[in-house]
Amino acid sequence: MKVYRIEVNKVLCTGCNDCVVSCPVNFDQLKEKGYLNDKNAVILVKNGYANEVYDENRTINCTGCGICVEICPQKAINIKIVQLL
Ligand code: SF4
Ligand code: SF4
């Protein structure tokens, strides 16, 4: 199975939160549950910079849509496709 993973350059990231609020997966979860946390978000700002939230066993994952990459003012996000065994 192939999955999308995002990488955030912590040197470039300012923690502005734009990626978190622009992500459609996060938005759908926020609408459905009313909150974002480690269980349902796919990207969250913690400790001053954005962090991918990923777990192989999750049903909610990054779709690779690229919106966060486009919206990031620092160009700090990259997407990669990972083949899981
Ligand atoms: S949009 Fe870019 S600079 Fe802002 S928190 Fe996300 S990765 Fe960091
Ligand atoms: S690529 Fe799309 S689904 Fe994945 S974290 Fe970025 S905005 Fe969200």
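The exercises below work through a predicted model of one chain with two ligands, each with a solution in steps.

**Exercise 1. Work out which secondary structure elements the chain has and in what order they come.**

Step 1. Count the elements: the chain has 3 helices and 4 strands.

Step 2. Read them along the sequence, which gives the pattern β-α-α-β-β-α-β.

Step 3. Check the overall form. The radius of gyration is 12 Å, and the globule rule gives 12 Å for 85 residues, so the chain is as compact as a globular protein of that length. The C-alpha trace spans about 30 × 30 × 20 Å along its principal axes.

Step 4. Look at the contacts between residues at least 6 apart in sequence: 70% of them join residues at least 24 apart.

**Exercise 2. Decide whether helix α2 is buried or lies in the open.**

Step 1. Locate the helix: α2 covers residues 24–33, which is 10 residues.

Step 2. Apply the cut-off for burial, which is 20 or more other C-beta atoms within 10 Å. In α2, the number of residues that are buried is 1.

Step 3. Conclude: α2 therefore lies largely in the open. For the chain as a whole, buried residues make up 21% of the 85.

Step 4. Look just past the helix, where Gly 34 follows with a positive phi near 85°.

**Exercise 3. Find the residues with the most contacts inside the largest nonpolar core, and trace the contacts of Cys 19.**

Step 1. The largest nonpolar core has 17 residues, and Cys 19, Ile 43, Cys 68 and Ile 77 have the most contacts inside it.

Step 2. Ask which elements contribute: β1 (2–8) and α1 (18–22) each supply at least two residues of this core.

Step 3. Set aside the neighbours of Cys 19 within four places in sequence. Cys 19 is then in contact with Ile 43, Ala 50, Cys 68, Ile 71, Cys 72 and Ile 77.

**Exercise 4. Describe the surroundings of each ligand.**

Step 1. Take ligand 1, which 15 residues surround; Cys 13, Cys 16, Asp 18, Cys 19 and Cys 72 are the closest.

Step 2. Sort that shell: 10 residues are nonpolar, 4 polar and 1 charged. α1 and β3 (49–52) each supply at least two of its residues.

Step 3. Take ligand 2, with 13 residues around it; Cys 23, Cys 62, Cys 65, Ile 67 and Cys 68 come nearest.

Step 4. Sort the second shell: it has 10 nonpolar and 3 polar residues, and no charged residue.

Step 5. Connect this with Exercise 3. Cys 19, among the closest to ligand 1, and Cys 68, among the nearest to ligand 2, are both listed as core residues with the most contacts.

**Exercise 5. Examine how β2 and β3 pair, and what stands in the turn between them.**

Step 1. β2 and β3 run antiparallel and are joined by 4 bridges. One pairing sets Val 45 against Ala 50 in β3.

Step 2. The two strands form a hairpin with 2 residues between them.

Step 3. Asn 47 lies in this loop, between β2 (43–46) and β3. Its phi is near 55°, a positive value in a residue other than glycine.

Step 4. Asn 47 has 7 C-beta neighbours inside 10 Å, so it counts as exposed.

**Exercise 6. Determine where Asn 17 sits and whether it is buried or exposed.**

Step 1. Asn 17 is in the loop between β1 and α1.

Step 2. Asn 17 is not a glycine, yet its phi is positive, about 85°.

Step 3. The cut-off for exposed is 12 or fewer other C-beta atoms within 10 Å. Asn 17 has 12, so it is exposed.

Key:
Residues are numbered from 1 along each chain as its sequence is written. Chains are lettered from A and ligands numbered from 1 in the order in which they are written. This is a predicted model: local features need pLDDT of at least 70, side-chain atom pairs count only at pLDDT 80 or more; totals for chains, interfaces and linings use all residues. A residue is near a molecule or strand if its C-beta atom, placed from the backbone, lies within 6 Å of it. Ala, Val, Leu, Ile, Met, Phe, Trp, Tyr, Cys and Pro count as nonpolar, Asp, Glu, Lys and Arg as charged, and the others, Gly among them, as polar. The radius of gyration is taken over C-alpha atoms; the globule rule is 2.2 Å times the number of residues to the power 0.38. Two residues are in contact if their C-beta atoms, placed from the backbone, lie within 7 Å. A nonpolar core is a set of buried Ala, Val, Leu, Ile, Met, Phe, Trp, Tyr and Cys residues joined through C-beta atoms within 7 Å. Two strands pair if DSSP finds at least two bridges between them.
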